[in-house]
Amino acid sequence: MKMIVTGGCGFIGSAVVRQAIEQGHEVVNIDSLTYAANPANLASVADKAEYHFVEADIRDRQAMDTVFADYRPDGIMHLAAESHVDRSIDGPSAFIETNVIGTYTLLEAARTYWNSLDTLHQAAFRFHHVSTDEVFGSLGLEGAFTEKTPYDPRSPYSSSKAASDHLVRAWYSTYGLPMVLTNCSNNYGPFQFPEKLIPVVILSALYQRPIPVYGRGENVRDWIHVEDHARGLLMVLQQGHVGETYNLGASAEKQNIEMVHAICSVLDKRHPEGAPHDKLINYVEDRPGHDFRYAIDSSKIHSQLGWAPSRSFEEGLEQTVDWYLANEDWWRPLLERSGVNKRLGLGQ
């Protein structure tokens, strides 16, 4: 395929781009290079003939029309988004602008391009919208999100993603734009920007700084390795049924405090100078409206497309810790970016 990937310099987007190039696809990466984007994530494919980079904002209709006209893709995978819940609490405007207005603008550019195609290419085209399990709200002690779970977003971030999901489905129902949609659980792995839980814990421990744990650390998240997620996303883009939604998760539920202890345990073995690292755990004021539990039921994509995670959580976490220990040149410059190493999300 020749595919557009929006947000390809981000954490999940860059994993998709790397895998797509490895599979032999041609990729056009659109990224506006906001604070969490990092072209270094794509150093391994940057010189490939199949890779093209366009620095542009998805809210810029003229720029989007130009990309579609110049590259004439077979499909698009839309990952560009503001994604950090804490930042959405402190500054929701950017989330509405990018996640809602940006998605609308991209949909209109895609629709105009799609209408210009012949019947055969129209039938083959796909608009793949990548979303999150957070749109479903908070679970109790039991159960899991399915593709039929009603939406109940609780944060500015999840609300903006829910709005974008509804827009994509509306453009399919109203205009016929062929779409597929995915909702995923929490991602982890290499190249994750150091404001999310796992890299925060790793780097705090390496610097012997307090490891912040919100509330009592009892909130539960379902974790998936980013490379397993990327493989599933490419599968959905190529094989997913038009109009369908697919949930992606790896059935790896962990309380936040469990996750922190697991990371510290790996670091105790890999970096014994600071052991025991869990002595650094510091309980801090909880995030406003903190969802209690997420869990994903991935049986639909398992049964319909044959996707399954390729590694256990324990294996993936060890690989992730090893990657951060070996790639200080990648993460050290990011520590100087806005908001990193600062407590965000108190709504003050």
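**Entry 1: strand β5 and its partners**

I began with β5 and strand β6 (residues 179–184) of this predicted model. The two strands run parallel and are joined by six bridges. For one pairing in detail, I looked up V130 and found T182 of β6 as its bridge partner.

I then turned to strand β4 (residues 75–78), which also pairs with β5 in the parallel sense, here over four bridges. Within this pairing, I76 stands opposite F127 of β5.

Next I asked how many residues of β5 (residues 126–132) are buried. The count is seven of seven, so I recorded the strand as largely enclosed by the rest of the structure. I also noted which way its residues point: R126, H128, V130 and T132 go one way, while F127, H129 and S131 go the other way, and all are buried. In a regular strand the side chains alternate between the two faces of the sheet.

**Entry 2: the sheet β7-β9-β11**

I looked up the strand order of an open sheet of three strands and read β7-β9-β11, with mixed pairing. Which strands stand at the edges? They are β7 (186–188) and β11 (253–255); each has a single partner strand, so one side of each is left without a neighbour in the sheet. Neighbouring strands of this sheet are turned by 50 degrees against each other on average, direction ignored.

I followed β7 to strand β9 (residues 220–225) and found parallel pairing over three bridges. Y188 has H225 of β9 as its bridge partner. I also recorded that helix α9 (residues 256–270) lies across β9 and β11, and that this helix runs at about 90 degrees to β11.

**Entry 3: helices α1 and α8**

I examined how helix α1 (residues 11–22) meets helix α8 (residues 226–239). Their axes come within 9 Å and cross at roughly 65 degrees. The crossing is right-handed.

I listed the residues that make the contact: α1 supplies F11, I12, A15, V16, Q19 and A20, and α8 supplies V226, E227, H229, A230, R231, L233 and L234. By class, I noted nine nonpolar, two polar and two charged residues in this contact.

**Entry 4: cysteines C9 and C184**

I searched for disulfides and found zero in the structure. A disulfide is a covalent bond between the sulfur atoms of two cysteines. Why does C184 form no such bond? Its sulfur is 19 Å from the closest cysteine sulfur, that of C9, which is too far for a bond. From the other side, C9 is in no disulfide, and the nearest cysteine sulfur is that of C184.

I then checked whether each cysteine is buried or exposed. C9 has a relative accessible area of 1%, so I entered it as buried. C184, at 6%, is buried as well.

**Entry 5: P212**

I located P212 in strand β8 (residues 211–214). With a relative accessible area of 29%, P212 is partly exposed; the band for that class lies between under 20% for buried and over 50% for exposed.

Which residues does P212 touch, not counting those up to four places away in sequence? I recorded V200, S204, N282 and V284. I also looked up the separation of P212 from V201: the two are eleven residues apart in sequence and 7.7 Å apart in space, C-alpha to C-alpha.

Definitions and conventions. Residues are numbered from 1 along each chain as its sequence is written. This is a predicted model: local features need pLDDT of at least 70, side-chain atom pairs count only at pLDDT 80 or more; totals for chains, interfaces and linings use all residues. Side-chain values use heavy atoms; hydrogens and water are left out. Two strands pair if DSSP finds at least two bridges between them. Axes are lines fitted to C-alpha atoms, for helices over the stretch in contact, and angles run from 0 to 180 degrees between N-to-C directions. Contact means heavy atoms within 4.5 Å. A crossing is left-handed if the near helix is turned anticlockwise from the far one by less than a right angle, and right-handed if clockwise. Ala, Val, Leu, Ile, Met, Phe, Trp, Tyr, Cys and Pro count as nonpolar, Asp, Glu, Lys and Arg as charged, and the others, Gly among them, as polar. A disulfide is a pair of cysteine sulfur atoms within 2.5 Å. Buried means under 20% relative accessible area, exposed over 50%, partly exposed in between (1.4 Å probe, protein chains only).
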